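Biologist: I am a first-year student and I would like a close look at a single part of this model, taken slowly and step by step. Please start from one place of your choice and show me how it connects to what lies around it.

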Amino acid sequence: MDYRAVEQAIITRGVEWEFDPTRERVKSLLELLGEPQRAYPIVHIAGTNGKTSTARMAETLLRERNLRVGRFTSPHLVSMRERIVVDGKPLSEERFTEAYEELLPYVELIEKDGGRRIQFFEFLTAMAFSVFADAPVDVAVIETGMGGTWDATNVADGAVAVITPISLDHMDRLGPDIPSIAGEKAGIIKPGQTVVMAQQELEAAEVLMVKAAETGVVVAREGLEFGVLAREVAMGGQLLTLRGLKGVYDEVYLPLYGAHQASNAVCALAAAEALTGGDDPLDVELVRQAFAQVTSPGRLEVVRRGPTVVVDAAHNTGGVKATIEAVDEAFDFAKVIGVVAVMRDKDVSGILELLEPVFEEIVVTTNSSPRAMPAEELGELAAEYFGPDRVHVVERIDDAIDRGIGIADAAGEFSGTGVLITGSVITAGDARHLLKAGDED
C-alpha cells in the first residue's frame, strides 16, 4: 500500500470525535503487541486548551537533554503523519505505511474474535505506542484525544501527568459542566505520578485536587509550586522568567505569543523537571536553547506579511479568549478582519459573541471537515452579533481567505489592518496549506 491508501484506510475506521466509553479494544490490541506503552516513561497530557503546544514544548526540552523522544498529538493540521513524531520529525510516509502494515494483522485478529471494530483514534494510538517502542525512544510525550478516563491513550500510565486549562468543550461527550469535564480529564491521574496542574477555574481545581488526594500523587500547581514570574513582549514572541519546581530560569525567549503560551511553557518545564528526578535545576542555557527552538504551527502563527495574516486554531470559548488577549498584546493592529469557519457542534454563538468587539468585519466560510457548520448558517448567526453589513458569507475557504486579505488590502498599507483566520484546528490547517506555511517533514 502507499501512504495515501493507508491514510484512507484509517479514515474509514470512523471519526475520532465519536468514541465508545471503553478502553477494552485498544487494551486487548496492545496486549497482543506485548504492551509497548510500558517500554518507556510517559508524560501524559490532558486538558481542554494548550495540550499540543505544551506537548511540543516538553518534547523540545527533553530532546535538548539528548533524550530520544516520541510525541503523539492530535488532531493534525495537514497530514496524519504529524501525529506521530520521533526525534522531532513526523514519521516519513514509508515508515507510517510500514507501521500500519505491521499493526494490521493484530487488529484483524482482535476484530475476527468478535470484538468491535478498532476505531480511528484507537488505531493511531496503538501505532504510536508501537513505533515508539521500536525506535526505541527514551521517553514519550502523549496527548489525550478527548477527555481522559476513557481516552484510548489512558491504557498507558504516565510518570508525569499534565492537566492544561479546562473549559467547556465536547459537552455531549464529556459532560455538561466544568466539574463533569474535569472529572473526565482527571482520569489520567494515577498512583505514583507527579501531577503538573495549570491554573484552573475553581470548579475544575476542586475536582482535580480531590482526585489527586484520593490517588496520593504529588501535585505541583501553577501559581503555587511553579509559575511565570515575569513576562514581556519581544520581537516575534516574548521574554520570560520562569520559576520551575527546582529553580528559576530567567531570560527565556519563547517565539510564541500570549500569556497562555507562557503558561504552557512553565507547565512543560515543570513536567520536564519532574521527569528528570533529583533536586538540581536544569541547566539554564539548556532551557533557553530549548524554548528558543519551539514552534507550534497554527497557534497565533504569522503566515503572511503585507497585510499581516495570523492563523490560530482556537475552537472553543476558552481558546478564543486566550487568542483575543494575545492578539491585542502582541500585534499592533488598528483593525482586524476575521475569517472564521467553525464546527457545528461547538458553542458557535459564544465564539461569535467574543469575536464581535475584535473584528471590524467578518468573513464566514466552511472548512474541509464534514463537521463544519455551513457558511450560510454561520452567516445568519454572525449577523445577530455583527449586524448584516459587517458579515461576508463566502462558501469556499480559499475564496474566503482571499476576501479577507482583499478587505485588509483595500484599507491601505498604512491602515494597520490585519487578518485573523480562526475557529477550528481544521480551519487553521486548511489556511496553512492554502497559504503554504512551512510544514514539518
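**From a loop into the sheet**

Modeller: In this predicted model, a good place to begin is T73, which sits in the loop between β2 (69-72) and β3 (84-86). T73 has a relative accessibility of 5%, and because anything under 20% is called buried, T73 belongs in that class. If we set aside the neighbours within four places in sequence, T73 is in contact with T52, A55, E82, R83 and E143.

One of those contacts, E143, leads us into β5 (139-143). How many residues of β5 are buried? The count is 5 of the 5, so β5 is largely enclosed by the rest of the structure. In a regular strand, the side chains alternate between the two faces of the sheet. In β5, the buried residues V139, V141 and E143 are on one side, while A140 and I142, also buried, are on the other, and both faces of the strand are therefore covered.

We can next ask which strands lie beside β5. β2 pairs with β5 in the parallel sense over 4 bridges, and in this pairing F72 stands opposite I142. The sheet to which they belong is an open one of 8 strands, in the order β4-β3-β2-β5-β1-β6-β7-β8 and with mixed pairing. β4 (89-90) and β8 stand at its edges with a single partner strand each, so one side of each is left without a neighbour in the sheet. Strand β1 (residues 42-46) also pairs with β5 in the parallel sense, through 4 bridges, and here V43 is placed opposite V141. Helix α5 packs on the sheet, where it touches β1, β2, β3 and β5, and its direction makes about 10 degrees with that of β3. Another helix, α8, packs on the sheet as well, touching β6, β7 and β8, with its direction at about 155 degrees to that of β8.

Let us follow the sheet towards those strands. Strand β6 (residues 160-163) and β7 run parallel and are joined by 4 bridges, with V160 standing opposite T194. Strand β7 (residues 194-197) has both faces covered, since T194 and V196 on one side and V195 and M197 on the other are all buried. β7 pairs in turn with strand β8 (residues 218-221), in the parallel sense and over 4 bridges, and V196 has A220 as its bridge partner there. The path from β7 through helix α8 (residues 202-215) to β8 makes a right-handed β-α-β unit.

**The nonpolar core and its surroundings**

In soluble globular proteins, nonpolar side chains tend to be buried together. The largest nonpolar core in this model has 38 residues, of which I10, I84, F96, F123, M127 and F132 touch the most other members. At least two residues of this core come from each of α1 (3-11), α2 (24-32), β3, α4 (93-112), α5 (120-134) and β5. The largest share belongs to α5, the helix that supplies 10 residues. M127 gives a closer view: apart from neighbours within four places in sequence, M127 is in contact with I10, I84, F96, A99, Y100 and L103. There is also a second, separate core of 37 residues, which includes M57, L240, Y249 and A271.

A charged residue can be followed in the same careful way. R25 is found in helix α2, and at 8% relative accessibility R25 counts as buried. Its side chain makes a polar contact, at 3.4 Å, with the side chain of Q119.

**A last helix and loop**

Further along the chain, D283 caps the N-terminal end of α10 (284-292), with a side-chain oxygen of D283 lying 3.0 Å from the backbone nitrogen of E285. The buried residues of α10 are L286, V287, R288, A290 and F291, and what covers them includes α3 (51-64), β10 (237-243), β11 (248-254) and α9 (259-276). In the loop between α10 and β12 (301-304) lies L300, which is buried with a relative accessible area of 3%. Although L300 and Y257 are 43 residues apart in sequence, they are 6.7 Å apart in space, C-alpha to C-alpha. Beyond the neighbours within four places in sequence, the contacts of L300 include Y257, H260, V310 and F331.

Note on methods
Residues are numbered from 1 along each chain as its sequence is written. This is a predicted model: local features need pLDDT of at least 70, side-chain atom pairs count only at pLDDT 80 or more; totals for chains, interfaces and linings use all residues. Side-chain values use heavy atoms; hydrogens and water are left out. Buried means under 20% relative accessible area, exposed over 50%, partly exposed in between (1.4 Å probe, protein chains only). Contact means heavy atoms within 4.5 Å. Two strands pair if DSSP finds at least two bridges between them. A crossover is right-handed if, with the strands pointing away from the viewer, the path from the first strand over the helix to the second runs clockwise. A nonpolar core is a set of buried Ala, Val, Leu, Ile, Met, Phe, Trp, Tyr and Cys residues joined through side-chain atoms within 4.5 Å. Axes are lines fitted to C-alpha atoms, for helices over the stretch in contact, and angles run from 0 to 180 degrees between N-to-C directions. A polar contact is a pair of N or O atoms within 3.5 Å; within protein, one must be able to donate a hydrogen and the other to accept it, and residues adjacent in sequence count only if both atoms are side-chain atoms.
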